[in-house]
Amino acid sequence: MLFRSYSDDFSLPEFQPLTYTLRDYAEAGGKIFVCAPCFNRRCLKESNLVLGATIVGAAQIVEFLSGGTSSLSF
């Protein structure tokens with residue numbers, strides 16, 4: 001990684017770092033949505049999002065999920 005992302009500090013000894021899991025997911029065509037109100041409330045910087053992440057509002061998430069798409073949230 002050429003930059004530091006917010007996922008860099010999330011890891012467990014038994015698993016690869018979250019940064020790599022998210023990278024692999026995005027490279028495989030997965031979409032990473034970041035909640036706009038949550039992002040703004042924490043005063044985060046877009047330059048530190050993982051590659052492929054998009055900041056979206058609730059309407060965009062509902063539209064995406066309305067087609068029966070599976071999701072994971074944490």
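S7 is buried in this predicted model, its relative accessible area coming to 5%. The residue sits in the segment that precedes helix α1 (18–27), and its environment, together with the pairing of the two strands and one aromatic pair, is set out below. The protein chain as a whole comprises three helices and two strands, which follow one another along the sequence in the pattern α-β-α-β-α.

**Surroundings of S7**

- Leaving aside residues up to four places away in sequence, S7 touches L18, T19, L22 and V50.
- Although S7 and L18 are eleven residues apart in sequence, the distance between them in space is 5.9 Å, taken from C-alpha to C-alpha.
- With a relative accessible area of 5%, S7 falls under the 20% cut-off, and therefore S7 counts as buried.

**Strand pairing and crossover**

- Strand β1 (residues 32–35) is joined to strand β2 (residues 53–56) by four bridges, and the two strands run parallel.
- Within this pairing, I32 has A53 in β2 as its bridge partner.
- Between the two strands, the chain passes from β1 through helix α2 (residues 36–41) to β2, giving a β-α-β crossover that is right-handed.

**The aromatic pair**

- The structure holds one aromatic pair, formed by F33 and F64, whose ring centres are 5.0 Å apart and whose planes stand at 90° to each other, an edge-to-face arrangement.
- This pair links distant parts of the chain, since F33 belongs to strand β1 whereas F64 belongs to helix α3 (residues 58–65), with their positions 31 residues apart in sequence.
- F33 has a relative accessibility of 31% and therefore counts as partly exposed, while F64, with a relative accessible area of 28%, is also partly exposed.

**The chain as a whole**

- The C-alpha trace of the protein chain spans about 35 × 30 × 20 Å along its principal axes.
- Of the 74 residues in the protein chain, 18% are buried, and S7 is one of the buried residues.
- Among contacts with a separation of 6 or more, 36% are made by residues 24 or more positions apart.
- The accessible surface of the protein chain amounts to about 5,900 Å², and carbon and sulfur atoms account for 58% of that surface.

Conventions: Residues numbered from 1 in each chain as written. Predicted model: local features only at pLDDT ≥ 70, side-chain atom pairs only at ≥ 80, totals over all residues. Heavy atoms only, no water. Phe/Tyr/Trp six-rings, centres within 6.5 Å; stacked < 30°, edge-to-face > 60°. Buried < 20%, exposed > 50% of the residue type's maximum accessible area, 1.4 Å probe, protein only. Contact = heavy atoms within 4.5 Å. Pairing = 2+ DSSP bridges. Right-handed = clockwise from strand over helix to strand, strands pointing away. Areas by Shrake-Rupley, 256 points an atom, 1.4 Å probe, with all protein chains shown as cover.
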